Amino acid sequence: MSEITPNDLNERLDMAAGHHRDGRAAVAKQIYEAVQGIPCWPQQAAAFYLYGALAWESGAYQAARVALRKALGIVRPEHLAWETDRISRGLGEKPYREALASIWDATYGVWCEKTFPVPRVRLETVGPCNRSCPYCPVSQYARREGRLSEALVLDIADQLGDLSYDGTIVFSLFNEPLLDKRLLNDFLPYLARKVPNAWPRIFTNGDPLTEDMTNLLFEAGLGDLIVSCHDRAAYARARRIKAALPADRRTRMMLSPYFKAGDGSGAVSLNTRTDTVSLAGYADDRIHPATPYGCGAISFSIDYKAQVHPCCNDFLDGYVVGNAGERSLVAIWEAARDSFRAHFIGDFPTTVCHACVG
């Protein structure tokens with residue numbers, strides 16, 4: 001088992017990004033070998049980068065396609081496809097989209113043994129957020145009120161348990177998930193019992209966090225905790241909480257320095273969230289435009305009104321394919337499979353998508 005931590009991995013990946021292609025491939029290979037056996041995202045992230053770097057090194061579509069296919073058995077294909085966005089300029093639109101289509105056909109299209117081949121389910125159990133950040137649509141529209149009923153959340157957990165679900169369950173969308181006290185007291189413990197192979201994840205701004213709460217979240221079954229720090233005081237506070245955690249929990253708490261947004265450092269990546277926010281003031285920062293070649297991701301996002309979205313940036317409900325309070329997860333997936341595929345490979349079906357990708 002390597003001593004590399006998620007933060008070490010991020011630092012090395014950032015350093016590798018500035019290397020010549022041979023250096024990128026070498027660093028990626030080193031990281032990949034180092035993190036074998038580490039659970040969840042560090043191992044996956046290293047594998048994505050390794051194959052992306054090797055494909056970029058060759059510059060050839062065929063080599064990239066071979067690398068993609070080899071990686072299908074190692075990492076979740078939608079993550080791999082998302083990573084190929086970094087090399088899409090080297091491949092060009094047509095081969096990139098063909099690669100995405102081949103991933104879909106090789107996995108989501110033919111996984112007959114998986115009734116619900118969705119690697120990531122997002123659950124927005126409550127609507128509000130306590131912050132109003134200028135690069136988030138929450139700052140531009142009326143406050144979102146409401147929450148999913150406890151009965152529905154537990155029913156969703158039951159459905160995932162019956163499916164032997166082993167993907168990631170993300171408790172966030174446009175809200176602050178820790179405003180929902182049921183998350184710690186009820187939902188995480190229930191998931192741990194009903195869906196033991198899933199990986200629960202929370203994205204939070206960290207404002208409600210205390211050291212005690214953080215430990216209790218992990219004890220309740222949380223996989224990892226990602227804190228988006230929107231000012232320096234929040235960042236300093238989150239660092240103190242993290243430093244006080246046991247070593248095994250520190251590696252599962254990651255901090256994103258969003259307070260650096262707009263300073264030109266490129267410390268965080270921003271996007272227009274389906275054109276609901278303007279990033280005109282962040283021209284010197286790292287702005288991540290949506291790729292017009294295909295999202296390359298499958299995210300089954302259930303908002304606080306129980307609406308299901310194929311896109312996790314659909315703030316204005318322009319791309320809804322069902323309601324989890326009215327139909328089962330499997331029924332929604334089966335009815336909307338073509339919509340998920342279109343979103344995955346770039347045949348964007350809605351004006352929401354067109355606003356996002358331009």
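In this predicted model, strand β1, helix α8 and strand β2 together make a right-handed β-α-β unit, in which β1 covers residues 120-123, α8 covers residues 150-162 and β2 covers residues 168-170. The two strands of that unit, β1 and β2, pair in the parallel sense over three bridges, and if you look for R122 you will find that its bridge partner in β2 is V170.

Let me stay with β1 for a moment, since it has another partner to show you. Strand β8, residues 300-302, also pairs with β1 in the parallel sense, over three bridges, and here R122 stands opposite S301. As for the side chains of β1, R120 and R122 point one way while V121 and L123 point the other way, and all of them are buried.

Now please turn to helix α11, which runs over residues 232-243, has 12 residues and reaches 16 Å from its first C-alpha to its last, close to the 16 Å expected at 1.5 Å a residue. Which residues of α11 are buried? They are A234, A238, I241 and K242, and because these buried residues fall within an arc of 95° when seen down the axis of α11, they line one face of the helix. It may help to recall that an α-helix has 3.6 residues a turn, so residues three or four places apart point the same way. On the face of α11 turned away from the buried side, you will see the exposed residues R232, A233, R240 and A243.

Finally, at the start of α11, a side-chain oxygen of D231 comes to within 3.2 Å of the backbone nitrogen of A233.

Key: Residues numbered from 1 in each chain as written. Predicted model: local features only at pLDDT ≥ 70, side-chain atom pairs only at ≥ 80, totals over all residues. Heavy atoms only, no water. Helix = DSSP H or I, 4+ residues; strand = E, 2+ residues; numbered from the N terminus. Expected span 1.5 Å × (residues − 1). Buried < 20%, exposed > 50% of the residue type's maximum accessible area, 1.4 Å probe, protein only. Arc of directions from axis to C-beta. Polar contact = N/O pair within 3.5 Å; in protein donor to acceptor, adjacent residues only side chain to side chain. Pairing = 2+ DSSP bridges. Right-handed = clockwise from strand over helix to strand, strands pointing away.
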